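Got your viewer open and a selection box ready? Let's walk through this one stop by stop.

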Amino acid sequence: MTNLVEMGTAVDVVYFDSSKAFDAVSHNILIDQRMKYRLGKWAWRWAEDRWNCQAGRAVTNIPKTSWRPVTSGVPQGWILSPVLLNIFIDGLGGETECTLSRFADDTVLGGVSDAPDSCVVTQRDLVRLEKWADRNLMKFSKENCTVLHLRRCNLMHQRRLGTHQLESSCAEKASGGLEDKLTMSQQCTLIAKKASDILGCILQMHPGRALPAGGRK
């Protein structure tokens, strides 16, 4: 996407927010996919034993429900959870025509948006992604899904997930960084401010030390 923008091409980048992605992983669907991957037999058995022993029940003001087996979800913080989630969502975007980036519960779709035909392609991929999520018992938090319209020649096409119109955004967090029109200027400002704050704390602990030439860097 960065290369396209540098060449002057208008691009739409859609950021998806998965609703409780780790909790939504279906055990049955995940087990059906295990033959596609070279994860060892014992690792799979370890994972199955881990979730097969889980159970839950609802507790309200009325009598408690009976214990039921938990049929979805991988525990966050467990060493295999990101691996299992990546295996589960591997089929996401298998038929997309645009550029799709996935890691754990972060999903980003990028497509050209400088002509009506290219705008249609990106919207078609959004429909595909939503259908995949429905088939695999996952949901996108549509209110939190946003789109960055990059370059001045962008047609600013209204993107939709189902009947919901996605909000336009000026900057988005991705992979630990803040992207604003792919210039990273806001991210650089934040990093510089953080470094300046740390230097200020160091100087407070060592008041006798002078600032380097030119002030804070």
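Here comes a short tour of ring pairs, cysteines, a strand residue and a surface patch. Keep in mind that you're looking at a predicted model.

**Stop 1: the aromatic pairs**

Which rings should you pick out? There are two aromatic pairs in the structure. Start by selecting F16 and F140: their ring centres sit 4.9 Å apart and the planes meet at 45°, a tilted pair. Now colour by secondary structure. F16 belongs to strand β1 (residues 11-17), while F140 is in the loop between α6 (116-135) and β6, so this pair ties together parts that are 124 residues apart in sequence. Switch on a surface and you'll find both F16 and F140 buried.

Next, select F88 and W132. Here the centres are 6.1 Å apart and the planes stand at 70°, so this pair counts as edge-to-face; the angle cut-off for that label is over 60 degrees. What does the pair link? F88 is in helix α5 (residues 81-88) and W132 is in helix α6, so the contact ties together parts 44 residues apart in sequence. F88 and W132 are buried too.

**Stop 2: the cysteines**

How many disulfides does the structure hold? Zero. Still, select C145 and C201 and look at their surroundings. C145 has a relative accessibility of 1%, so it counts as buried. C201, at 45%, counts as partly exposed, because that class lies between the 20% and 50% limits.

**Stop 3: strand β6**

Now select residues 146-150, which make up strand β6, and pick T146 within it. Is T146 buried or exposed? Its relative accessibility is 11%, so T146 counts as buried. Then add E167 to the selection and draw a distance between the two C-alpha atoms: you should get 5.1 Å, although T146 and E167 are 21 residues apart in sequence.

**Stop 4: out on the surface**

For the last stop, select I198, I202 and M205 and show them as surface. Together these three make a nonpolar surface patch of about 300 Å². Zoom in on M205, which is part of helix α7 (residues 185-205). With a relative accessible area of 60%, M205 is exposed.

If you'd like one last view, put M205 and C145 on screen together: M205 is exposed at 60%, whereas C145 is buried at 1%.

Methods
Residues are numbered from 1 along each chain as its sequence is written. This is a predicted model: local features need pLDDT of at least 70, side-chain atom pairs count only at pLDDT 80 or more; totals for chains, interfaces and linings use all residues. Side-chain values use heavy atoms; hydrogens and water are left out. Helices (H or I, at least four residues) and strands (E, at least two) are DSSP runs, numbered from the N terminus. Buried means under 20% relative accessible area, exposed over 50%, partly exposed in between (1.4 Å probe, protein chains only). A disulfide is a pair of cysteine sulfur atoms within 2.5 Å. Rings of Phe, Tyr and Trp (its six-membered ring) pair if their centres lie within 6.5 Å; planes under 30 degrees apart count as stacked, over 60 as edge-to-face and the rest as tilted. Patches are made of residues with over 30% relative accessible area and no salt bridge: like charges are joined within 9 Å, nonpolar side chains (Val, Leu, Ile, Met, Phe, Trp, Tyr) within 5 Å. Accessible areas come from the Shrake-Rupley method with a 1.4 Å probe; for residues, only the protein chains shown count as cover. A salt bridge is a side-chain nitrogen of Lys or Arg within 4 Å of a carboxyl oxygen of Asp or Glu.
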